[in-house]
Amino acid sequence: NYILDATVIAAMSLRGKSLLLVTSGILVIIGLFGFFGISASRESTKQTLTERLALAKQVAHNMDSVIGQAFRQMGLVSPDDYARVSQGDSATARSFLQEARQRLPFRVHYVSLIDKQGTVLLTEPPIPALIGLDISRRTYISPVLSLRIPSVSNITYDNFIGRYVVYLVTPMSQLGDKPTSMAVGAALDLSYTTLVYLADIGEVGQNGYIEIVDGDGVVLATSNLP
């Protein structure tokens, strides 16, 4: 009987060990599948983020290129026209603003001529309430007046037209990059079509979208439309 009991116990012990080994093997296999699944998911996520980052950089590059070209076109004036404008010839100044507005590749509400003190001299189309306004204290004007470099504002509410806009301001320059004492500004139309043109927004997949934000993080445009 003792021998039989010992045999039974040994068999049960062996069966238990076999079951434990099989269970352990299954758990290891499940663990490996889980590990490789998580790793693959992480790699896929990393690849997606890398692609999105590359796309964001491309959008930023497109915007820089378009706005840079706009600055060059908007502020360019011939020496003869500049001489007339600086002498107070309003007809030449208005003609210059009309041409500057037409040269821009996107829509703006108006363009303006600004003197070296930061005073608005003229606008196209005419906005009488803006004439003579001192805008020298506005943050986006200071770099233009003091450093003679182009500037882009954050989104701002323009009381004179009742719209949210972004201002583009650049020093006026004569042909041959000869500096002048004046500046030219434009109130950018923030319609979706304008900003899509600026960013050249393309397809980013079913779950992706692009947003353009200003320096304060305010969304100016998005491709995430209903």
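Two strands count as a pair here if DSSP finds at least two bridges between them. Keep that in mind for the close-ups below, which come from a predicted model.

**Figure 1. Strands S2 and S3 make a hairpin.** Five residues sit between S2 and S3, and one residue in the turn, Gly-118, has a positive phi of about 90°. The two strands pair in the antiparallel sense, with four bridges between S2 and S3 (residues 120–124). To find one of these bridges, look for Ile-114, whose partner in S3 is Val-120.

**Figure 2. Strand S2 also pairs with S7.** How many bridges join S2 to S7? There are six, and S2 and S7 run antiparallel. Pick out Ser-112 and you'll find its bridge partner in S7, Gly-185. Is S2 mostly out in the open or enclosed? Seven of the seven residues of S2 are buried, so the rest of the structure largely encloses this strand.

**Figure 3. Here is the largest nonpolar core, with 28 residues.** Five members touch the most other members: Met-74, Leu-104, Phe-106, Leu-113 and Met-172. Helices H1 (2–75), H2 (79–86) and H3 (90–103) each give two or more residues to this core, and so do strands S2 (108–114), S6 (163–174) and S7 (178–189). Which element gives the largest share? That's H1, with six residues. Now zoom in on Leu-104: leaving out residues up to four places away in sequence, Leu-104 touches Ala-70, Met-74, Val-111 and Ala-186. Apart from this core lies another one, made of 14 residues, including Ile-114, Ile-141, Val-165 and Tyr-167.

**Figure 4. Two salt bridges sit within helices, one in H2 and one in H3.** Side chains with opposite charges can pair when their charged atoms come close. The count for this model is four salt bridges, and this view picks out two of them. In one, Arg-84 meets Asp-81, with the closest N and O atoms 3.3 Å apart. Arg-84 and Asp-81 are three residues apart in H2, which means about one helical turn separates them. Arg-84 is partly exposed, with 39% relative accessibility, and Asp-81 is partly exposed too, at 25%.

In H3, Arg-103 forms a salt bridge with Glu-99, and their closest N and O atoms are 4.0 Å apart. Arg-103 and Glu-99 are four residues apart, about one turn of the helix. Arg-103 has a relative accessibility of 28%, so it counts as partly exposed. Glu-99, at 37%, also counts as partly exposed.

**Figure 5. A salt bridge links Arg-107 and Asp-189.** The closest N and O atoms of this pair are 3.1 Å apart. Why does the pair tie together parts that are 82 residues apart in sequence? Because Arg-107 lies in the loop between H3 and S2, while Asp-189 lies in strand S7. Is Asp-189 buried or exposed? Buried means under 20% relative accessible area, and Asp-189 has 8% relative accessibility, so it counts as buried.

**Figure 6. This view shows the second largest pocket, with a volume of about 200 Å³.** Its lining has 20 residues, and the ones closest to the centre are Tyr-110, Arg-138, Tyr-140, Asp-158 and Tyr-167. Which strands should you trace around this pocket? S2, S5 (156–158), S6 and S7 each supply at least two residues of the lining.

Key:
Residues numbered from 1 in each chain as written. Predicted model: local features only at pLDDT ≥ 70, side-chain atom pairs only at ≥ 80, totals over all residues. Heavy atoms only, no water. Core = buried A, V, L, I, M, F, W, Y, C linked by side-chain atoms within 4.5 Å. Buried < 20%, exposed > 50% of the residue type's maximum accessible area, 1.4 Å probe, protein only. Contact = heavy atoms within 4.5 Å. Salt bridge = Lys/Arg side-chain N within 4 Å of Asp/Glu carboxyl O. 1 Å grid on protein atoms, 1.4 Å probe; cavity = no way out; pocket = protein on both sides within 12 Å on 5 of 7 lines; lining within 4 Å. Points joined across faces, edges and corners; volume = space filled by probe spheres on them.
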